[in-house]
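Q: Could you take me closely through one part of this model, residue by residue where that helps, and then set it beside other contacts in the chain? I would like to know which strands pair there and what a chosen side chain touches.

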Amino acid sequence: PPAKPFNLSCALNLSDYGLTCRWEQGADSHLPTSVTLKCAGGPPNHPSRRCRSRAQAVTGCTPQRGHSHCTVPRRLLQLYRQMEFWVSATNALGTAESERLCIDPMDVAKLDPPALWSIQSIPFQTDCVALAWEMARSTAHMELQCELRYRAPEDPTWALVTNIIGQARTMQHCGFLFGTQYRFQMRCRRSSARGSWSEWSLGTNYTTHEKAPTGKLDAWWNTRPAGTGRGLEVQLRWKAPQRREANGQVLGYRVTLGTRRRGRDPPTVCNTTRTHCNFSAPVGTRRVYLSAYNTAGESAETEVVLLERKGQPLAGLRAVSGGEHSLWVHWEAPPVPPVTYVLEWQRVPWEPGGCSTCWQMERDGAATTALIRDGIEPFQQYNVSVHPLYKDAVGVPAHTAAYSKQKAPSHAPKLHLKSISKSSAELCWDPLPVEMQNGFIISYTIFWANNTAEASSATMNPTLSSFVIRDLKPSTLYKVHIMASTVAGGTNGTSLTLVTPVLDDVEIQFLFLTLGLIFVLLILLLICIQKNGRVKQQFWPSVPDPANSSLGKWVPAELQQEPLQVPGVREPGLATISTVTVLERAAGKQPPARGKEPPPEPPVSQPYVRQEGAAPTQGWAAAGPPLGTGGTGETVQYARVVGDGYKGQQHGRPRLYLRSSSTQPLLLDPSPSPKPYENLWFHEASPDCCLGVEGCPEDLPATFPLLQGLRINGAEELQDCRAF
C-alpha cells in the first residue's frame with residue numbers, strides 16, 4: 001500500500017475564497033497512485049462541540065501529478081462552520097489516509113494587510129507620534145486585531161506594539177527619539193485570535209523632529225608647553241553624544257575658554273565638525289568648555305578640567321582577545337580608588353592623524369575590566385594604555401600590547417652571513433616589521449643541512465637577531481633557512497647557501513706571516529753574503545777583468561812562433577768559438593834576460609787556438625783542463641776568439657780578441673813575465689795568409705765592449721797566419 005501522507009495545513013484566500021491545502025507525501029511505492037483531498041461538513045462553530053462530522057465525504061480537489069497541494073473551491077466550503085479535511089492515497093495494493101484536520105475555513109483565512117497613510121509628531125517637542133491607516137477592502141466587514149512594529153536603522157531588532165483595534169484606524173504612540181528616522185509596518189488578523197496574521201504592510205519611513213542636544217560630553221586631553229613658553233598647546237578629544245542625547249544630527253562642536261554669560265559670548269578657540277581639536281591657550285589655563293549644537297539649538301556646556309599628570313599609576317595591566325574585533329582589558333586598581341578610567345589604544349605602527357576615537361571612559365571607579373571595540377581589527381597589534389583619573393590629578397598610565405586574533409607571520413626574516421670559519425658561521429637578520437608579524441613572535445628557529453642531508457636546528461629567543469652555528473665541517477656546502485613562529489603557526493624564509501673554508505682566517509694569517517718571515521730571512525741572508533767578502537768568494541769567485549790585466553800589454557813567446565789563424569768571413573750569425581791553447585812553462589826555469597834569445601821551448605802539447613767548424617749559433621768555448629806550470633804550480637790560460645758578424649749584418653773583417661781565463665791574480669810587475677810582446681792587431685793581411693778565405697777580419701764587433709782591451713796590436717809585424 002502507499003505511504004501515509006502527513007503534515008496537512010490549509011489557508012483561505014479572501015480574494016476568491018478558495019481554500020488551499022498543502023501536505024507531505026510519504027515514501028514512493030513505485031506503483032501508480034491516485035491522491036485526492038477529501039472534505040466533509042460539520043456542525044456550526046461552538047466551543048463545546050467537537051469536529052465529528054457525519055456528513056458524506058466529498059472530493060475537494062485532486063493535485064497535479066508530482067505536486068502535493070491543491071485548492072478547494074468556494075462552493076464546497078462552509079464558512080463559519082467546522083469542516084474536516086484529509087488526504088487519501090490509493091494504489092493497487094490499498095489505500096492510506098492522513099490525519100484529519102478539523103477547522104473553520106474563516107479561521108485560516110489569509111487577510112490582506114492594512115495600509116499606513118499618515119504619521120506625524122503631536123504635540124510638538126514631545127516624543128509621541130500619531131499614525132493613521134486603512135483596512136483592506138476584503139476585511140472591512142471583519143473585526144480585526146492589529147500589530148505595529150518600528151525601528152531605526154541602528155536598532156538591531158523591531159519594537160512591537162500589540163493589541164491595536166483595527167477598526168479604530170488611528171493611534172498614538174510615545175517613546176521615540178528626537179531627530180531619528182524610523183520605519184513603520186502593520187499587520188492584522190481576526191479578533192477571535194484563531195485566524196492567521198496577514199503579511200506586514202509596506203514599510204513607511206518617518207523622521208521625528210529635532211531637539212537641542214542634551215547631556216554631557218566625554219572629553220580627554222593632552223597638554224604641553226608651547227614652543228615660545230608663553231602658552232599651552234592643548235589636544236582635546238571628545239566622544240560624539242549618544243542618539244538619545246544628540247536629539248538629531250549634530251552639526252558641530254564649539255570649544256571656548258569661558259562660560260556663556262548673558263549678553264556676552266566667551267572667546268571660541270575651536271569650532272569644528274570633528275571630534276578632536278588642537279589649540280593654544282594662555283599660560284595658567286585650567287578649564288575649557290565644550291558644547292554640541294544642531295538645528296534646534298546648542299547643548300549645555302561640558303566643563304573640561306586640565307588636570308596635572310601626577311597621580312598614582314595602576315598596579316598591573318593586561319589585554320586579551322575578546323573576539324576578532326574586540327579586546328578585553330584587565331587592570332589592578334591603585335591603592336587610592338580613582339573617579340574614572342580612560343582607556344586608549346593605538347594601532348602599531350602608529351600613523352600620524354590616526355584614530356581619534358580610539359579611546360573610551362569607564363566611569364565606574366570600582367571597575368577593573370573593560371571591553372573595547374572601536375577600530376579593532378584581527379592580525380593587527382594594538383598598544384593599550386589605561387589612565388586613572390582622580391579628583392585633582394591624572395595618574396601615570398600603564399601600557400600593554402595585544403592582538404584580537406593571531407596567525408602565522410606573512411614573511412620570515414632574511415638571513416645574512418656575518419662571518420664564517422671552517423667550523424662555524426655567524427648569521428644575522430633584521431627583525432620583522434610589526435605589520436608583517438600577524439601576532440607576537442615567540443621564537444626563531446634556524447635549520448641547516450649539508451650536501452649529505454645531515455640536518456640540524458636550533459630555536460632562539462625572539463629578542464635575538466644573530467646566531468652562531470658551530471661544529472661545521474671544513475670545505476662543506478650548507479643550506480640554511482630561518483622560521484619565524486607565533487602561537488598560530490610559523491613561516492619559513494628563503495634558503496641561504498654558504499661554504500665553509502679550508503683554513504680559518506687566523507691560520508691563513510699565520511701562514512702568510514710564516515712565508516713573510518722566511519722571505520725576510522732570505523733577504524737578510526743575501527745581504528749578509530753580499531757584505532761579507534769571504535762568504536761571497538765561496539759562492540761567487542772573483543774573476544779578473546781582462547781589460548785591466550797586464551796581458552793586454554804582452555803576448556807569450558809561443559804566440560810569436562805560431563801565427564794565429566783567423567777564420568774566414570762566413571755567413572752572418574753568432575760568434576764562432578775558437579779552441580783554447582794552454583801554454584806550460586818548464587818547471588824550474590827562469591825567464592831570460594831582456595835582449596837575450598830565449599831558449600827553445602818544447603813543442604806545445606795542446607793547441608792554443610783551434611778553429612772549430614761549429615755553427616754560427618754556438619757560444620764561447622771554454623779552455624781545456626788547466627795544466628800545472630813549472631815552479632809555482634800555477635796555470636795560465638789564454639784564449640783567442642774570432643767572431644763572425646751577426647746574421648743579417650754586413651760581412652766585415654773579423655777582429656782578434658784575446659781573453660785570459662786565469663784563476664790566479666794577475667802580476668802587475670812585468671819582471672817575472674815572459675818577454676813582452678806587443679799585442680797583435682790585424683790590419684790588412686796578405687791574401688796568402690788567409691788560408692783560402694776571402695779576407696782577414698778587420699773590425700771589432702760593437703757588442704763585446706769588455707774585449708776591447710784584448711786587442712792585439714802590431715798585426716803588421718805578423719807576416720803569416722799559421723795554425724797552431
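A: What follows begins with a threonine and its strand, goes on to the neighbouring strands, and then turns to salt bridges and another sheet.

The model is a predicted one, and the part to look at closely is built around Thr491, which sits in strand E40, residues 489-492. With a relative accessibility of 17%, Thr491 counts as buried, because the cut-off for that class is under 20%. If neighbours within four places in sequence are left aside, the residues in contact with Thr491 are Ala408, Pro409, Ser410, His411, Ala412, Ile482, Met483 and Ala484. One of these, Pro409, is 82 residues away from Thr491 in sequence, yet the two C-alpha atoms are 6.0 Å apart in space. The same pair also shows a polar approach, in which a polar atom of the Thr491 side chain lies 2.6 Å from the backbone oxygen of Pro409.

The strand that holds Thr491 can next be placed among its partners. E40 pairs with E39 in the antiparallel sense, over four bridges, and the two strands are joined by a hairpin of two residues. Within that pairing, Ser485 stands opposite Gly490 of E40. In general, strands of a sheet pair through backbone hydrogen bonds, either parallel or antiparallel.

E39 itself covers residues 477-486 and is joined to E36 by eight bridges, the two strands running antiparallel. Along this pairing, His481 of E39 stands opposite Phe447. E39 is also joined to strand E41, residues 496-499, by four bridges, and here too the strands run antiparallel. In that pairing, Val499 in E41 is the bridge partner of Leu477. E39 therefore has recorded pairings with E36, with E40 and with E41.

A second threonine, Thr445, gives a view from the E36 side, since its place is in that strand, which spans residues 443-450. Thr445 counts as buried because its relative accessibility is 7%, and the class needs under 20%. Residues up to four places away in sequence not being counted, Thr445 touches Ser457, Ala458, Thr459, Met460, His481, Ile482 and Met483. Ile482 and Met483 appear in the contacts of Thr445 as well as in those of Thr491, and both of these residues fall within E39, residues 477-486. Across a regular strand, as a general matter, the side chains alternate between the two faces of the sheet.

To set this part beside charged contacts elsewhere in the chain, the count of salt bridges comes to 17. In one of them, Lys4 meets Glu99 with the closest N and O atoms 2.9 Å apart. This pair links distant parts of the chain, 95 residues apart, with Lys4 in the segment before strand E1 (6-13) and Glu99 in the loop between strand E7 (94-97) and strand E8 (101-103). Lys4 counts as partly exposed, at 43% relative accessibility, whereas Glu99, at 58%, counts as exposed.

Asp107 forms a salt bridge with Arg190, again with the closest N and O atoms 2.9 Å apart. Because Asp107 lies in the loop between E8 and strand E9 (109-110), while Arg190 lies in strand E15 (residues 181-190), the pair ties together parts that are 83 residues apart in sequence. Asp107 and Arg190 are both buried.

A further salt bridge joins Arg287 to Glu303, where the closest N and O atoms are 3.1 Å apart. Arg287 belongs to strand E22 (residues 287-294) and Glu303 to strand E24 (residues 302-305), so this pair ties together parts that are 16 residues apart in sequence. The relative accessible area is 41% for Arg287, which is partly exposed, and 44% for Glu303, which is partly exposed as well. Glu154, Asp155 and Arg243 are joined into one network by salt bridges that share partners.

The other sheet is an open one of three strands, in the order E10-E11-E14 and with antiparallel pairing. Its edge strands, each pairing on one side only, are strand E10 (115-121) and strand E14 (170-174). From one strand to the next, the twist averages 25°. E10 and strand E11 (residues 128-134) run antiparallel and are joined by six bridges, and Gln120 stands opposite Ala130 in E11.

Key:
Residues numbered from 1 in each chain as written. Predicted model: local features only at pLDDT ≥ 70, side-chain atom pairs only at ≥ 80, totals over all residues. Heavy atoms only, no water. Buried < 20%, exposed > 50% of the residue type's maximum accessible area, 1.4 Å probe, protein only. Contact = heavy atoms within 4.5 Å. Polar contact = N/O pair within 3.5 Å; in protein donor to acceptor, adjacent residues only side chain to side chain. Salt bridge = Lys/Arg side-chain N within 4 Å of Asp/Glu carboxyl O. Axes fitted to C-alpha atoms, helices over the stretch in contact; angles between N-to-C directions.
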